[in-house]
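Welcome, and thank you for taking a look at this chain. Please have the sequence and the 3D view open side by side while you read.

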Amino acid sequence: MSGPTVFALALEMGAAVLVTWVTWIAARGKLSRNALAGVRTPVTMSSEAAWRIGHRAALSPTMVSGAMTVVWCALSITIVPPRTPSSVIVAAVVLVGGALLSVSAAHRAVRRSSPQR
């Protein structure tokens with residue numbers, strides 16, 4: 001495997017860990033609304049309560065996609081070294097797919113918790 005592919009996979013692993021950690025601390029109430037990290041959409045940024053509710057709902061899909069990304073990257077580096085950078089693309093699709101599922105879960109949770117008008 002080429003050095004750049006290994007480097008890209010290592011970066012993907014780091015990104016997966018970082019995204020999972022940020023979601024974890026936001027879900028636990030240790031990261032308040034901010035402009036830099038977390039699920040920052042108009043729905044989740046509407047209030048502190050929406051921020052926490054959204055991140056609690058986003059935690060499961062984030063953890064699953066983060067773990068899958070880390071395992072995939074580790075296996076790609078150590079056990080099954082591909083001759084192309086396709087493993088990097090697969091890791092990116094898993095991580096981005098997890099992020100999209102997390103945002104969707106966050107929005108559903110916030111909307112369910114909001115009083116109906």
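What follows is a short tour, from the overall fold to a few chosen residues.

**Overall fold**

Keep in mind that this is a predicted model. The chain has three helices and zero strands, so the pattern along the sequence is simply α-α-α. Taken along the principal axes, the C-alpha atoms fill a box of roughly 55 × 20 × 20 Å. Of the 117 residues, 34% count as buried. About 7,000 Å² of the chain is exposed, and carbon and sulfur atoms supply 70% of that area. If you like contact maps, here is a handy figure: among contacts between residues at least 6 apart in sequence, 68% join residues at least 24 apart.

**The nonpolar core**

Which residues form the largest nonpolar core? There are five of them: Val22, Ile25, Ala26, Leu31 and Trp51. Helix α1, which covers residues 3-27, gives the most to this core, with three residues. As general background, nonpolar side chains in soluble globular proteins tend to be buried together. Leu31 is a good residue to click on: leaving out residues up to four places away in sequence, Leu31 touches Val22, Ile25, Ala26, Ala37 and Trp51.

Ala26 also gives us a link to helix α2. The C-alpha atoms of Ala26 and Arg56 are separated by 7.8 Å, although these positions lie 30 residues apart along the chain when counted as sequence separation. Arg56 itself sits in helix α2.

**Three residues compared by exposure**

The table lists one residue from helix α3 and two from helix α2.

| Residue | Helix | Relative accessible area | Class |
|---|---|---|---|
| His107 | α3 (residues 86-113) | 17% | buried |
| Leu75 | α2 (residues 48-78) | 37% | partly exposed |
| Arg56 | α2 | 49% | partly exposed |

Why does His107 count as buried? Its relative accessible area is 17%, and the class takes in residues under 20%, so His107 falls within it. Arg56, at 49%, is partly exposed because the exposed class begins over 50%. Setting aside neighbours within four places in sequence, His107 is in contact with Thr41, Val43 and Thr44.

**A nonpolar patch on the surface**

Leu75 has company at the surface. Together with Val71, Ile79 and Val80, Leu75 forms a nonpolar patch there, and the four residues have about 370 Å² of accessible area together. Leu75 can belong to this patch because its relative accessible area of 37% meets the requirement of over 30%.

Methods. Residues numbered from 1 in each chain as written. Predicted model: local features only at pLDDT ≥ 70, side-chain atom pairs only at ≥ 80, totals over all residues. Heavy atoms only, no water. Patch = residues over 30% accessible without salt bridge, like charges linked within 9 Å, V, L, I, M, F, W, Y side chains within 5 Å. Areas by Shrake-Rupley, 256 points an atom, 1.4 Å probe, with all protein chains shown as cover. Salt bridge = Lys/Arg side-chain N within 4 Å of Asp/Glu carboxyl O. Helix = DSSP H or I, 4+ residues; strand = E, 2+ residues; numbered from the N terminus. Buried < 20%, exposed > 50% of the residue type's maximum accessible area, 1.4 Å probe, protein only. Core = buried A, V, L, I, M, F, W, Y, C linked by side-chain atoms within 4.5 Å. Contact = heavy atoms within 4.5 Å.
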